[in-house]
Amino acid sequence: MLHGGSLPRPEPRLSVAAGRGGPSLGALFGALPVAIVVVDPDERIQQVNAGAEQMLNLSERLMVGQPLSAILPVPEGERSRDGQNVALYDVAIETSRGVRIRVDFIEAELADHPGWRVIALHGAASSRRLGHGADRAAAARAATGAAAMLAHEIKNPLSGIRGAAQLIGACELTDLITREVDRIAALIDRMQDFSDTRPRPVASENIYPLLDHARRLALAGFARGIPIEERFDPSLPPALIDRDALLQILINLLKNAREAVRNERQPRLAIATAYRHGMAVSATAGRPRVALPIEISVLDNGPGAPDDLVDHLFDPFVSGRRDGQGLGLALVDKLVRDMGGIVQYAREGSPPMTVFRLLLPRAAS
């Protein structure tokens with residue numbers, strides 16, 4: 001319980017015992033695997049848990065009573081305002097001891113206690129970082145150049161080979177040549193998608209017809225026989241998207257999910273949506289944070305990406321499948337960025353599921 005102008009302190013301050021001999025609330029607070037900082041209306045720290053002590057490399061005794069800005073200097077423009085919660089992904093913060101940390105920063109008002117706020121800091125693992133810095137930009141430019149060059153240098157000779165094979169006459173060998181030429185041409189067509197640098201014509205769209213269309217296409221084809229669960233927020237507002245690009249993204253992610261559960265005895269696929277109040281990210285290095293509250297996720301209960309590929313999933317020509325070309329997720333990343341959004345990979349839940357999460361801008365109301 002909260003009394004007067006201050007919060008009770010952790011163990012034994014939060015000493016409300018759980019039923020049936022369970023741990024006290026203070027013990028649970030201290031054991032949370034996420035760093036927690038509680039701030040009073042005067043912007044002073046009143047409580048921290050063990051996770052915050054470890055992450056900030058400061059003891060509770062040194063932090064309690066100090067101004068938040070002296071311990072955790074977050075830019076004022078990115079803080080909670082007017083009672084609104086804030087969620088910032090992949091924020092770089094320099095602590096009072098000069099240590100730079102990268103975290104997901106979530107700030108929420110305490111219900112029934114105006115002015116009191118809880119700040120949660122979760123380490124931004126490399127598998128979940130936005131990855132739109134110089135390294136991925138360089139990889140994207142390299143893929144664009146390679147696509148343009150290969151399209152020019154290879155497609156013309158391929159047409160000649162195909163025509164010559166048809167002139168020879170129909171036989172098993174010429175059919176094989178024709179099929180292989182068509183397969184290589186299709187691969188080149190996919191690579192050419194990277195060379196299109198024109199801005200995407202985004203517009204205000206209701207995403208649910210697109211989600212339903214993508215789901216029905218999957219169930220009628222590559223995901224036949226596997227149920228695709230819907231976990232939808234029915235109140236989601238229109239998003240600012242390119243319809244064709246989003247449909248292509250969804251089909252790519254659903255195909256990947258289907259491949260991922262190929263060896264599962266009880267395969268599970270799902271599409272989920274959510275509205276993330278206060279979600280703000282920097283989709284491109286050096287640019288101000290923008291609101292991306294529209295969340296679309298494709299989930300599967302497959303084994304996830306190999307550990308050695310997690311940091312490179314969205315790089316061109318990287319694939320965890322023996323027969324993969326490594327272009328699908330790279331194209332997903334490009335199309336999402338072209339619409340002003342971001343895509344993330346994560347393993348979440350218990351039992352864990354693979355999540356590919358799209359964060360997209362909301363259309364102006």
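This is a short walk through one chain, centred on a five-stranded sheet and the helices beside it.

Hello everyone! Before we start, please keep in mind that this is a predicted model, where local features need pLDDT of at least 70, side-chain atom pairs count only at pLDDT 80 or more, and totals for chains, interfaces and linings use all residues. Residues are numbered from 1 along each chain as its sequence is written, and side-chain values use heavy atoms, with hydrogens and water left out.

Let's begin with the whole chain. It holds nine helices and 14 strands; these are DSSP runs numbered from the N terminus, with helices being H or I of at least four residues and strands E of at least two. Of the 365 residues, 41% are buried. Buried here means under 20% relative accessible area, exposed means over 50%, and partly exposed is in between, using a 1.4 Å probe and protein chains only.

Now to the sheet. In what order do its five strands lie? The order is β7-β9-β12-β14-β13, in an open sheet with mixed pairing. Two strands count as paired if DSSP finds at least two bridges between them. β7 (228-231) and β13 are at the edges with a single partner strand each, so one side of each has no neighbour in the sheet. On average, neighbouring strands are turned by 20° against each other, direction ignored. For angles, axes are lines fitted to C-alpha atoms, for helices over the stretch in contact, and values run from 0 to 180 degrees between N-to-C directions.

At the β7 edge, four bridges link β7 to β9 (residues 269-275), and the two run parallel. One pair to find on your screen is E229 with its bridge partner A270 in β9. Helix α8 (residues 243-260) packs on the sheet and touches β9, β12 (294-300) and β14.

At the other edge, β13 (residues 342-348) and β14 (residues 353-360) run antiparallel, joined by seven bridges. Y345 stands opposite F356 in β14. The two strands make a hairpin with four residues between them, and G349 in the turn has a positive phi of about 90°. Is β13 mostly covered or mostly uncovered? Mostly covered: five of its seven residues are buried.

Finally, look at helix α9 (residues 328-338), where nine of the 11 residues are buried. Among them are L329, L331 and V332. α9 lies across β13 and β14, running at about 130° to β13. After α9 comes G340, with a positive phi near 85°.

Thanks for listening!

Methods. Contact = heavy atoms within 4.5 Å.
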